There are 2 protein chains.
Amino acid sequence: MSKKRETLLIVAEKLFYEHGFHAIGLKQIITEADIAIMTLYNHFASKDELIVEVLKRREQQYMEYLHRFLTDDREAILLNLAKGHAQRLMDIQSRGCMFLRAKEEFAGDPTHPVVQTVNRHKENVMKFIEQLDSSLTSQQILQFSLLLEGSTALAETEDTATVCAQLIDMTEKLFVRAA
Amino acid sequence: MSKKRETLLIVAEKLFYEHGFHAIGLKQIITEADIAIMTLYNHFASKDELIVEVLKRREQQYMEYLHRFLTDDREAILLNLAKGHAQRLMDIQSRGCMFLRAKEEFAGDPTHPVVQTVNRHKENVMKFIEQLDSSLTSQQILQFSLLLEGSTALAETEDTATVCAQLIDMTEKLFVRAA
DNA sequence: CAATAAATATAATGATCGTTCTATATAAAG
DNA sequence: CTTTATATAGAACGATCATTATATTTATTG
């Protein structure tokens, strides 16, 4: 609705993802966004709430991204999801999974809103995959999730394109050729 | 050498891993370690240097851990490494890869000593695997690394024992049965 | 015991943190 | 124009941050 609010979310997401949640102060966010501090507090009750809203926004974008790679071919559902995840790793400058990073920084308190938001996000992704093909076992879903998480993590230290090629190759070997 | 120095490293590693590097202040470290702040600065020039030393200590422990799972059976080298990695995930309360977490928090400056220490660590692990079996292709090493990173990341939101079982199963399928 | 080194307590530094208050200014809607 | 909501600048809050200075005490070693 509000343009200022969206600007704040965009700038905050960029800075949080680049430097971490504790490392970035609100001052740096409002400076880069060129917005007054009281405007930020008018839209968000606290820094924690801003972080939660940033994560929710990012989750929505990620899910929309995956949706673009859906297919009717039941044999290639997971393969196409892998291609979607890989394409997204290429699109964003990959610095790891922002959700896991958020959880890590706030995991000292498991009841913290940020931690709960991340837990819900990961559940949502698993349920999404499960719903696409109800014939998948829970083990298969876990193994596919392991590939997605592994590619995201490995891309932090190795060339992203090369990592994506391995993700797709492994998905083929584990879930297409040997289904 | 110094007992105080080692105490500081142990306490700092625990707190950094539990809450993150920016989230933990030196005050909390010296309080929990029951050591004066000037003693810390007597052993470490700065917080950054303390972090680097914590990481180097952790790398040494991880490598020693993997070494305990080495075998002469060339067919099962990677499988045993996977079992070692899995066993370590079970041992430590897994909150993700501490090295990647460190890199993420300091990646804003790629020349930062912490970032370089992490990059070197990841290179060392890959070289270690490469040296164990020179017949492995670079793609195979990358794919195995993807499995290790994936299991570490997935264990942050899913049951660690279950994740470890998947890691071993996937390693068997990709690198033993179908080598 | 004397000499050297290591560790201590305490306080100060200047900076930044998240958050709140006050008061003014701009914009939208009646 | 007048009302109402939104955004602004700027200062203040108490707390904490990493780091340094000073001065005292404890351990170690010759």
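Ala, Val, Leu, Ile, Met, Phe, Trp, Tyr, Cys and Pro are counted here as nonpolar, Asp, Glu, Lys and Arg as charged, and the others, Gly among them, as polar. By this grouping, the surface near DNA strand C in this predicted model is made up of 8 nonpolar, 7 polar and 3 charged residues. That surface is a good place to begin a tour of the structure, before turning to the build of chain A and then to the pairing of the two protein chains.

Around DNA strand C there are 18 residues, and those that come nearest are A:Leu26, A:Tyr41, A:Lys47, B:Lys4 and B:Thr39. On the side of the DNA, 72% of the strand C atoms within 4 Å of the protein belong to sugar or phosphate, and the rest belong to bases. Several individual approaches to phosphate can be picked out. From chain A, a backbone N or O atom of A:Leu26 sits 2.9 Å from a phosphate oxygen of DNA strand C. From chain B, a side-chain N or O atom of B:Lys4 is likewise 2.9 Å from a phosphate oxygen of the strand, while for a polar side-chain atom of B:His43 the distance to a phosphate oxygen is 3.3 Å. Two or more residues of this surface come from each of helix H2 (26-33) and helix H3 (37-43) of chain A and helix H3 (37-43) of chain B. Of these elements, H3(B) gives the most, with 4 residues.

Turning to the build of chain A, the reader will find 9 helices and 0 strands. The C-alpha trace of chain A spans about 55 × 35 × 30 Å along its principal axes. The domain assignment divides chain A into domain 1, residues 1-44, and domain 2, residues 54-175.

How far apart are the C-alpha centres of domain 1 and domain 2 of chain A? They lie 26 Å apart. Contact between these domains involves 12 residues of domain 1 and 15 residues of domain 2, and about 1300 Å² is buried between them, with 58% of it on carbon and sulfur atoms. Within domain 1, the residues that lose the most area to domain 2 are A:Glu13, A:Tyr17 and A:Phe21, which together account for 63% of what that side buries. The two domains of chain A are also joined by 2 salt bridges. A:Arg57 and A:Glu6 form a salt bridge in which the closest N and O atoms are 3.5 Å apart. Between the domains there are 7 residue pairs in polar contact, and the side of domain 1 that touches domain 2 comprises 6 nonpolar, 3 polar and 3 charged residues.

The meeting of the two protein chains completes the picture. Here 38 residues of chain B are in contact with 38 residues of chain A. The area buried between the chains is about 3400 Å², and carbon and sulfur atoms give 66% of it. B:Glu104, B:Leu146 and B:Met170 supply 19% of the area that chain B buries against chain A, more than any other three residues. Across this interface there are 2 salt bridges. B:Glu104 also forms a salt bridge with A:Arg101, at 3.7 Å from N to O. Residue pairs in polar contact across the interface number 8.

Which element gives the most to the side of chain B that touches chain A? That element is H8(B), with 11 residues. The residues on this side of chain B divide into 13 nonpolar, 13 polar and 12 charged.

Note on methods. Residues are numbered from 1 along each chain as its sequence is written. Chains are lettered from A and ligands numbered from 1 in the order in which they are written. This is a predicted model: local features need pLDDT of at least 70, side-chain atom pairs count only at pLDDT 80 or more; totals for chains, interfaces and linings use all residues. Side-chain values use heavy atoms; hydrogens and water are left out. Domain bounds come from an automatic or database domain assignment. Contact means heavy atoms within 4.5 Å. Buried area is the accessible area (1.4 Å probe) that two parts lose on being put together, summed over both. A salt bridge is a side-chain nitrogen of Lys or Arg within 4 Å of a carboxyl oxygen of Asp or Glu. A polar contact is a pair of N or O atoms within 3.5 Å; within protein, one must be able to donate a hydrogen and the other to accept it, and residues adjacent in sequence count only if both atoms are side-chain atoms. A residue is near a molecule or strand if one of its heavy atoms lies within 4 Å of it.
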